[in-house]
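Trainee: I have a model open and would like to go through part of it with you.
Mentor: Go ahead; ask about one item at a time.

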Amino acid sequence: MRKLKTDELGRVGIDDFKKQDKLPLVVILDSVRSMHNIGSIFRTTDGFAIEKIFLCGITAQPPHREIEKTALGATQSIEWTYYEDVCDAINNLKSEGYKIIAIEQAENSTLLNNYQPNKSDKYALIFGNEVNGVSDEAMKLIDTCIEIPQFGTKHSFNIVVSAGIVLWDFFAKLKL
């Protein structure tokens, strides 16, 4: 078996990417502190062609070399907006008809494998701070909460791993 070379992958350029249909998802980063995590999430959202990222609170914004180190240019392809207050971002998306979903360990959460998104709806997925998770203020405004099942000794995944798992699950359920 031979690995494909980059020029054999058939990837679209940034202009064509911006014109193509997107997965009806917005990612909200609620005070994510690591610029490497922010960049990696840009790269992951590019890979699944999501609509947009909302950077909130202390979440750093491009351009920044520490974000670009892991984004590898995805800050140019993925549309993003900054909100000082995550609640403003959530209320804006609610007014546009998005279902707001926290990715968090919480009472009455739905396990990811049991959650079935509706193909006619639009979703905003909130990923929280690496230490404190999704803020209490944001949790008061959500429509539902999804939890990733875990079976080991640690009580959480890295935010980038969580984003990859959840975005793949939504992509598979909505597009495949």
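The questions below concern a strand, a helix and a tryptophan in this predicted model.

Trainee: How many residues of β1 are buried?
Mentor: Leu23, Leu25, Val27 and Leu29 point one way from β1. Pro24, Val26, Ile28 and Asp30 point the other way, and these are buried as well. The strand is therefore largely enclosed by the rest of the structure, the count of buried residues being 8 of the 8.

Trainee: Which residue of β2 stands opposite Val27?
Mentor: β1 and β2 run parallel and are joined by 6 bridges. Within β2, the residue opposite Val27 is Ile53.

Trainee: What is the hand of the β-α-β crossover from β1 to β2?
Mentor: The chain leaves β1, passes through α2 and arrives at β2. Taken along that path, the crossover is right-handed.

Trainee: Which residue of β6 is the bridge partner of Val26?
Mentor: β6 covers residues 122-128 and runs parallel to β1, with 6 bridges between the two. The partner of Val26 there is Ala124.

Trainee: How far apart are the end C-alpha atoms of α2?
Mentor: Helix α2 has 13 residues, 35-47. At 1.5 Å a residue it should span 18 Å. The model agrees with this, since the end C-alpha atoms are separated by 18 Å.

Trainee: Which residue caps the N-terminal end of α2?
Mentor: Look for a side-chain oxygen close to a backbone nitrogen at that end. The backbone nitrogen of His36 has such an oxygen 3.3 Å away. The oxygen belongs to the capping residue, Ser34.

Trainee: Which residue with positive phi follows α2?
Mentor: Go to the other end of the helix. The phi in question is near 50°, and the residue is Ala49.

Trainee: Against which elements do the buried residues of α2 pack?
Mentor: The buried residues are Asn37, Ile38, Gly39, Ser40, Ile41, Phe42, Thr44 and Thr45. They pack against strands β1, β2 and β3. The helices they pack against are α3, α4 and α7.

Trainee: Does Trp168 count as buried, partly exposed or exposed, and what is its relative accessibility?
Mentor: Trp168 is in helix α7. Discounting residues up to four places away in sequence, Trp168 touches Phe48 and Leu176. Buried would require under 20% and exposed over 50%. Trp168 therefore counts as partly exposed, at 43%.

Trainee: What distance separates the C-alpha atoms of Trp168 and Thr45?
Mentor: Along the chain these two residues are 123 residues apart. In space, their C-alpha atoms are separated by 9.8 Å.

Technical notes. Residues numbered from 1 in each chain as written. Predicted model: local features only at pLDDT ≥ 70, side-chain atom pairs only at ≥ 80, totals over all residues. Heavy atoms only, no water. Helix = DSSP H or I, 4+ residues; strand = E, 2+ residues; numbered from the N terminus. Expected span 1.5 Å × (residues − 1). Buried < 20%, exposed > 50% of the residue type's maximum accessible area, 1.4 Å probe, protein only. Contact = heavy atoms within 4.5 Å. Polar contact = N/O pair within 3.5 Å; in protein donor to acceptor, adjacent residues only side chain to side chain. Pairing = 2+ DSSP bridges. Right-handed = clockwise from strand over helix to strand, strands pointing away.
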